[in-house]
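Q: I would like to learn how to read a protein model feature by feature, beginning with the overall layout and ending with the backbone. Could you take me through it?

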Amino acid sequence: MTFTPTPIPSRTQYVLEAIKHAILTAKLPPGQALVEAELAAQFGVSKTPVREALKTLAGTGLVVMSQYKGAVVRHVDAAMAREVYDVRLLIEPEALRRSVGRKARFEAAQEALDRAESAGDRADRSLANRDFHRALYLPCGNPLLARILDEIRDQAALVSTVAWAAVPTWEREAAEHREILRLAVAGDAMSAADALREHIASFVRRAFPEDREEADGSGSQTG
């Protein structure tokens, strides 16, 4: 008989989650240098899992790696936020419309919404919000569409935590989430997609008011 041991979380995964949480709570603020030797000493590991974790975080957009400057936490500005949210605006409402049309069940979205409202810090709230949105688009029936949205999830979480640090609008966004979920559960695909579209379009306008004119122009084109 072959014995299969219980998988143990890798050191790389542990380091990755710890660095991600530190970034999303601003313990590692945008622009902060991420020195492999220092992080290895902090987490009690060799530099190898730190290096692999930083590569993964660079792939998700939370970290920027340079041959000359090394790894740093990604800066968030209006241009970066618009890039991320423009992609979401173009395809996420359509993914939700398809999910509702396929009569998807949204228990995972409700669970994530509950977790966001009871979160103890911005990182947990942002990650729960990320899971909420994923639970809406994942059942859309198009794995490629879902994968594209998956690839920008961490960047969206970073934008939201940085924005909340300046203007804590998460309660308003939580109310919008509840309405989106209500419409989705009711089977109203078009109204749910429209509510999600407005939710996404309005976030950057609220979070980055210094760029309001251009953001408003972009939003007006979406209807």
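The dialogue below goes through the features of this predicted model in turn.

Q: Which secondary structure elements does the protein have, and what pattern do they follow along the sequence?

A: In this predicted model, the secondary structure comes to eleven helices and three strands, and reading along the sequence gives the pattern α-β-α-α-β-β-α-α-α-α-α-α-α-α. Of the 223 residues in the protein, 45% are buried. Among contacts with a separation of 6 or more, 72% are between residues 24 or more positions apart.

Q: How should I read the packing of two helices, and what is the angle between α4 and α10?

A: Two packed helices are described by the angle between their axes and by the distance between those axes. Here helix α4 (residues 78-101) and helix α10 (residues 189-207) have axes that come within 8 Å and cross at roughly 170°. Since angles over 145 degrees count as roughly antiparallel, α4 and α10 are therefore roughly antiparallel to each other. On the α4 side the contact includes Tyr 85, Leu 89, Pro 93, Leu 96 and Val 100, and on the α10 side the residues include Met 190, Leu 196, Ile 200, Phe 203 and Val 204. By character, the residues of this contact divide into 15 nonpolar, one polar and five charged.

Q: Which residues have the most contacts inside the largest nonpolar core?

A: The largest nonpolar core has 59 residues, and those with the most contacts inside it are Ile 19, Leu 96 and Phe 106. Taking Ile 19 as the case to inspect, and leaving aside residues up to four places away in sequence, one finds that Ile 19 touches Leu 28, Leu 39, Phe 43, Leu 54 and Leu 57. There is also a second, separate core of six residues, which includes Ala 95, Tyr 137, Cys 140 and Ala 146.

Q: How many salt bridges are there, and which parts does the pair of Glu 36 and Arg 51 tie together?

A: The count comes to 21 salt bridges. In one of them the side chains of Glu 36 and Arg 51 meet, with an N to O distance of 3.2 Å. Glu 36 lies in helix α2 (residues 36-43) and Arg 51 in helix α3 (residues 47-60), so this pair ties together parts that are 15 residues apart in sequence. Glu 36 is partly exposed, with a relative accessible area of 21%, and Arg 51 also counts as partly exposed, at 29%.

Q: Where do Glu 176 and Arg 206 lie, and is Arg 206 buried or exposed?

A: Glu 176 forms a salt bridge with Arg 206, the closest N and O atoms being 3.2 Å apart. Because Glu 176 lies in helix α9 (residues 170-185) and Arg 206 in helix α10, the pair ties together parts that are 30 residues apart in sequence. Arg 206 has a relative accessibility of 13% and counts as buried. Elsewhere, salt bridges that share partners join Lys 20, Glu 111, Arg 115, Arg 130, Asp 131, Arg 134, Asp 150, Arg 153 and Asp 154 into one network.

Q: Which residue has a positive phi although it is not a glycine, and where is Lys 103 found?

A: Lys 103 has a positive phi of about 60° although it is not a glycine. Lys 103 is found in the loop between α4 and α5 (107-117), and at 72% relative accessibility Lys 103 counts as exposed.

How values were computed: Residues numbered from 1 in each chain as written. Predicted model: local features only at pLDDT ≥ 70, side-chain atom pairs only at ≥ 80, totals over all residues. Heavy atoms only, no water. Axes fitted to C-alpha atoms, helices over the stretch in contact; angles between N-to-C directions. Helix = DSSP H or I, 4+ residues; strand = E, 2+ residues; numbered from the N terminus. Parallel < 35°, antiparallel > 145°, perpendicular 65-115°, else oblique. Contact = heavy atoms within 4.5 Å. Nonpolar A, V, L, I, M, F, W, Y, C, P; charged D, E, K, R; others polar. Core = buried A, V, L, I, M, F, W, Y, C linked by side-chain atoms within 4.5 Å. Buried < 20%, exposed > 50% of the residue type's maximum accessible area, 1.4 Å probe, protein only. Salt bridge = Lys/Arg side-chain N within 4 Å of Asp/Glu carboxyl O.
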